[in-house]
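Me: I should like a close look at a single part of this model. Please describe one strand-to-strand loop and then place it in the wider fold of its chain.

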Amino acid sequence: MADMNIQVTQHTVPKKKAGPWAQTWRRFSRDKAALVGAVLLGIVILLAVLAPFLPLDDPNAVNLAKRLQPPGTDGHLLGTDELGRDMLSRLIWGGRISVSIGFFAVGIAVVFGTILGLIAGYFQKFFDTVIMRFMDILMAFPYVLLAISIIAALGPGLINTMIAVSVVGIPYYARIVRGSTLTFREMEFVMAERAIGASHFHIIFWHILPNCLPPLIVAVSLDVGWMILAASGMSFLGLGAQPPLAEWGVMLSEGRKFIRMAPHVSLLPGLALFCVVLAMNLIGDGLRDALDPKTKV
Amino acid sequence: MEKLLEVKGLKTYFPIKKGVLGKKEEYVKAVDDVSFYLKEGETLGLVGESGCGKSTTGRSILQLVKPTAGEIIYQGQDLMKKNFREMREVRRDLQMIFQDPYSSLNVRMTIRNILLEPMRIHGLYTPKEREERVKDLLEMVGLRREHADRYPHEFSGGQRQRIGIARALTLQPKLIIADEPVSALDVSIQAQVLNLMQDLQEKFGLTYLFIAHDLSVVKHFSTRVGVMYLGRIVELADKKSLYNSPKHPYTESLLSAVPVLDPDYKKERIILSGDVPNPKNPPQGCAFHTRCASCMEICKSERPPLKELAPNHLVACHLY
């Protein structure tokens, strides 16, 4: 009888297929819009990384004789700003700061939000109540107000802006992760792990966390754009990066005064922001489709 | 034969919070004073309708759900008194097979990793031996060694259940609690999986606590059968005496619902009136008295104890 069982099952498994992550990647790479986003983001990141090695002017070199030159001027491909600084150089150096703020702020928010969400969702009861009520309080504040008040407490500056923006993001991640944790902790494979004798730590990090990643990845990709915007917004308000630092928000804010005479000074950093945020959103949408459980085999 | 596991007066209550501050507490008595034992090498079937507490009983034994009271004695040690570390040692001997083969395997792990988990957690064998063991296990349950590199979604329900069985066998357990292991499978696949479980039992001298709601499956599989109703065992007997001469009215009605493969066979179906009472608020006295055809006055007030009618035939009913 046992031999017969073996015979029956041997023919029914199809040829080797890729794992869930590989399948996600395959679906993602077929999504044209997402690829456009990825290429766009790739260019921005490449430029930002290579900035020190590119033949660019010093982004802070002032040349008052050549103020507010329009794009296409000799030696200044994208013109100059109100202090005669090269726009192209400032854009690329500014991208370094703006984009990295976005990623770091999301990174901080994800790490803390995930840990809090996992604890709340897995242990429930006391932890859940305390953590999630605190997250509710954070969410109840208008986010700009919250960020401004954190900066007000810590003092203006680049690092503090990053912290402020990421604190605003923590509750969202905590919620996403808690939600998935609640689903997965009740599943039988978690019960099986406990029957084997796995510790809570092991179950949380090796079994629940990997299953929470898909919605988290989507949220991250959509949020990086938002965080870049928020950080630039803070800089625009004069709370984040301080002039003369080349940062897109600062550049926008400074260029605003000359918007009638030389629109390119504010338009260009605005366009750069727009492109990066658009790229992140396209990638996020693509990832969401690729990770969607409904299309999963 | 020796008693491998003995459960005495097991109670598992789940609190329900009421009110804004969670002050008032009520309990769902999922398992209410259940006692039985398992002899080495036998299969005890545990049957009952949905929500009667059979799965909770299984989970309570493994301390996956914290029981409220009672004793669970495995080889002379009370599992209720063990801490996490001590319990981990015992878990090598006590394993579980789950009901839903789709949720019992982590979809983000390969079969190899799923089977390596128990050995990693218990720090058994060298890496090389572990690899060998994974392959042996796969062949033992009727899969192929190459399947180790695949993911759960590439397998059918029956094959997934085989993987679940392989995982339970990894630590070479003595007792396996099978929580409705075939109820999620096709009838044709059910037979295959049951036969596999029986072969493994012979091969390794396993003891099964077989939880199911399908009486025919239990009859095929068990040596003794316990019938549960609303968190209590109402009848516990050898397979033969239970199926041939059921004593408890509830067992009688359950057995009368089993289809018989004979178109000319006429039998009286005992159709129960009403629904299963809410376990949050079970009836006073005998839990079954609200639906029992032979209900007496005493049934409404006094809870019948589990009495031994004949050797190995226990019934909790005032009729006897």
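**A loop between paired strands**

Reply: In this predicted model, B:Leu230 lies in the loop between β9 and β10 of chain B. Its phi is near 50 degrees, a positive value in a residue other than glycine. Most residues other than glycine have a negative phi. B:Leu230 counts as buried, with 24 C-beta neighbours inside 10 Å, where 20 or more are required.

The strands on either side of this loop are β9 (residues 224-229) and β10 (residues 232-238) of chain B, which pair in the antiparallel sense over six bridges. Within this pairing, B:Tyr229 stands opposite B:Arg232 in β10(B).

The two strands belong to an open sheet of eight strands with mixed pairing, in the order β6-β7-β8-β3-β9-β10-β12-β11 (chain B). In that order, β9 stands between β3 and β10, while β10 stands between β9 and β12. At the edges are β6 (94-97) and β11 (307-310) of chain B; each has a single partner strand, so one side of each is left without a neighbour in the sheet. From one strand to the next, the twist averages 20 degrees.

Another loop of chain B also holds a residue other than glycine with a positive phi: B:Glu180, at a value near 45 degrees. B:Glu180 is found between β7 (175-179) and α6 (187-204) of chain B, and β7 is itself a strand of the eight-stranded sheet. B:Glu180 is buried, with 21 other C-beta atoms within 10 Å.

A positive phi also occurs just after helix α3(B), where B:Gly123 takes a value of about 60 degrees. Helix α3 comprises residues 111-122 of chain B, and its buried residues are B:Ile111, B:Ile114, B:Leu115, B:Leu116, B:Glu117 and B:Pro118. These buried residues pack against α4 (127-140) and α5 (157-169) of chain B, together with α8 (188-196) of chain A.

As for the chain as a whole, chain B has ten helices and twelve strands. Its radius of gyration is 21 Å, close to the 20 Å that the globule rule gives for 320 residues, so chain B is as compact as a globular protein of that length. The C-alpha atoms fill a box of roughly 65 × 60 × 45 Å along the principal axes. Buried residues make up 44% of the 320 residues in chain B. Among contacts in chain B between residues at least 6 apart in sequence, 64% join residues at least 24 apart.

Technical notes
Residues numbered from 1 in each chain as written. Chains lettered and ligands numbered in written order. Predicted model: local features only at pLDDT ≥ 70, side-chain atom pairs only at ≥ 80, totals over all residues. Helix = DSSP H or I, 4+ residues; strand = E, 2+ residues; numbered from the N terminus. Rg over C-alpha atoms; globule rule 2.2 N^0.38 Å. Buried ≥ 20, exposed ≤ 12 C-beta atoms within 10 Å, placed from the backbone. Contact = placed C-beta atoms within 7 Å. Pairing = 2+ DSSP bridges. Axes fitted to C-alpha atoms, helices over the stretch in contact; angles between N-to-C directions.
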